[in-house]
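Student: Could you take me closely through one part of this model, the side-chain contacts and the backbone around them? I would like one connected account, with the cut-offs stated as you go.

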Amino acid sequence: MLVAFEGGSIIRAFLLLLSCSFLWVLDYELQLRVMIFITFCGLKIKQMESVGRAVLPKFYLENLNLHAYEALASTGSKVIFTSVPRVMVEGFLKEYLEVDDVKGTELLTSGHYFTGLLSKSGLLMKHRALKEHFGDRKPDIGLGTSSHHDNLFISLCKEAYVVNRDDSKSNSSSSSVLPRHRYPKPLIFHDGRLAFLPTPLATLSMFLWIPIGIVIAIFRISVGIFLPYKLALFLATCTGLNLSVKGLDTSTKSDHENRGVLYVCTHRTLLDPVFLSTSLAKPLTAVTYSLSKMSEVIAPIRTVRLTRDRKKDGETMNKLLSEGDLVVCPEGTTCREPYLLRFSSLFAELADEIVPVAVNTKVSMFYGTTASGLKCLDPIFFLMNPRPVYYVEILGKLPKELTCAGGKSSCEVANYIQRKLGDALGFECTTLTRKDKYLMLAGNEGIVSDSKRKN
């Protein structure tokens, strides 16, 4: 379902969901063939590569059995045999689990597209593939489930370890699932819209919710644009939105009458400045990169684009600070996981009145950010969640001795604020940048020309 939705479209995912109504009457092989055809027929190879790199690893890691991982990690050379298409798992297995070789079902392609059909070898049968790969030799350890097909497979190994699927499902929140701190490598970046594992029942719930979610998102946006702060927040709260504010100090003002206060925020979604403005109950100006025209139109606060030219951006932000309070997100891009990216130090050179703001979000159905999708839909997807949560903690104004006016360099100021915000949220600070994120998730540097922005 993840590949159908994230790599294909919502229509493809709906067709795959409909197929569940008759799949149960088919045998195992026919079930896989039908699901593979619906998922991959006409799908671009490039899209599958993107989903395999940026979407699937998160869900694989979050559902990786701890005992299976420990057994796999204890071995030397690792070969994986699977009946699912090889393209769905090979990238994750080699990058995260250091697997040497992956044997899976191969798919036919035509040009740059999958046909949805299997290659001449057909559906991979694990026990046959194992015999072909190892010949008369027996692998030292075999790892599989309690299914009939896996029993045949692991019986050909010297030692056999069985993972009971039912136990894994019933203990999904306990020690049977690999905890985050034991991930073979940190999960910092991932893409895709779905924030939940799309089982058939969960996917059905999503499709039933979407029409309601669209109406609620439009309502939430409308009250944010047209109504006063307190009334807009009250009505949005009635629809399930939860804004949690801590450390609010409405008396915070600049010591320089002709200069505004600079609010430095962590960056979770494009709505960060909007919710900060609502929390303070006063208008703010936000500076941002690559904001779509649609997002500019529906934004209830003033937004100004930056150019990534340090000198020009500095002049722009200086001018805006002379006009009033300003919000900046120095990470330069969003991050969904509990990590902070490197802070650009430009803001520290422009203001001495700096207020750090720790921002975090929680969603249950859709992510309000994307690296490869339509950014103009980011706020809508976030507001389509049944009960989205925004956490805003306004920290104290930075003491003068910790600013550039107090003799600190701009990099020292930026790093100090990053650490302070990381401590407030319980996040880990990194030196990763926007460029690192987009190179991993989208295969580019994340710079969008004006001609390519979606309206």
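**Two loops, one helix and their contacts**

Tutor: Let's begin in a loop: with a relative accessibility of 34%, Arg-308 counts as partly exposed. (Buried means under 20% relative accessible area, exposed over 50% and partly exposed in between, using a 1.4 Å probe and protein chains only.) This is a predicted model, where local features need pLDDT of at least 70 and side-chain atom pairs count only at pLDDT 80 or more, while totals for chains, interfaces and linings use all residues. Residues are numbered from 1 along each chain as its sequence is written, and side-chain values use heavy atoms, leaving out hydrogens and water.

Arg-308 sits in the loop between strand S10 (302-305) and helix H15 (310-323). (Helices, H or I with at least four residues, and strands, E with at least two, are DSSP runs numbered from the N terminus.) Its backbone deserves a look: phi of Arg-308 is near 70°, a positive value in a residue other than glycine. Most residues other than glycine have a negative phi. Glu-98 is another non-glycine residue with a positive phi, about 55°. You will find Glu-98 in the loop between H7 and strand S2 (101-105), and at 58% relative accessibility this glutamate counts as exposed.

That loop leads us to H7 and its aromatic side chains. The structure holds ten aromatic pairs. In one of them, the ring centres of Tyr-60 and Phe-92 are 4.9 Å apart with the planes at 45°, so this pair is tilted. The pair joins distant parts of the chain, with Tyr-60 in helix H5 (residues 56-62) and Phe-92 in helix H7 (residues 86-96), 32 residues apart. (Rings of Phe, Tyr and Trp, the last by its six-membered ring, pair if their centres lie within 6.5 Å; planes under 30 degrees apart are stacked, over 60 edge-to-face, and the rest tilted.) Phe-92 is buried at 5% relative accessibility, whereas Tyr-60 is partly exposed at 23%. Another pair, Phe-382 and Tyr-390, has its centres 5.3 Å apart and its planes at 75°, so it is edge-to-face; both of these residues are buried.

Back at H7, Tyr-60 and Phe-92 form one aromatic cluster together with Tyr-96. Over the face of Tyr-96 lies Lys-185, at 5.3 Å from the ring centre. (A charge sits over a ring if NZ of Lys or CZ of Arg is within 6 Å of the ring centre and within 35 degrees of the ring normal.) Arg-336 has a comparable placement over the face of Tyr-367, at 4.0 Å from the ring centre.

Lys-185 also takes us to the ionic contacts, and the structure holds 18 salt bridges. (A salt bridge is a side-chain nitrogen of Lys or Arg within 4 Å of a carboxyl oxygen of Asp or Glu.) The side chains of Glu-95 and Lys-185 meet in one of them, at 2.8 Å from N to O. This bridge, too, links distant parts of the chain: Glu-95 belongs to helix H7 and Lys-185 to the loop between H10 and H11, 90 residues apart. Glu-95 is partly exposed at 41% relative accessibility, and Lys-185 is partly exposed at 28%. Salt bridges with shared partners join Arg-86, Glu-90, Lys-94 and Glu-106 into one network. Within that network, Lys-94 bridges to Glu-90, with the closest N and O atoms 3.1 Å apart. Those two both lie in helix H7, four residues apart, about one turn of the helix; Lys-94 is partly exposed, at 37% relative accessibility.

One more bridge involves the loop that holds Lys-185. Glu-70 pairs with Arg-182, with 3.0 Å between the closest N and O atoms. Glu-70 is in helix H6 (residues 66-73) and Arg-182 in the loop between helix H10 (165-170) and helix H11 (200-226), 112 residues apart. At 34% relative accessibility, Glu-70 is partly exposed, and Arg-182 is partly exposed at 34%.

Finally, the cysteines: the structure holds zero disulfides. (A disulfide is a pair of cysteine sulfur atoms within 2.5 Å.) For Cys-411, the closest cysteine sulfur is in Cys-404, 9.1 Å away, too far for a bond. Cys-411 is partly exposed at 45% relative accessibility, while Cys-238 is exposed at 55%.
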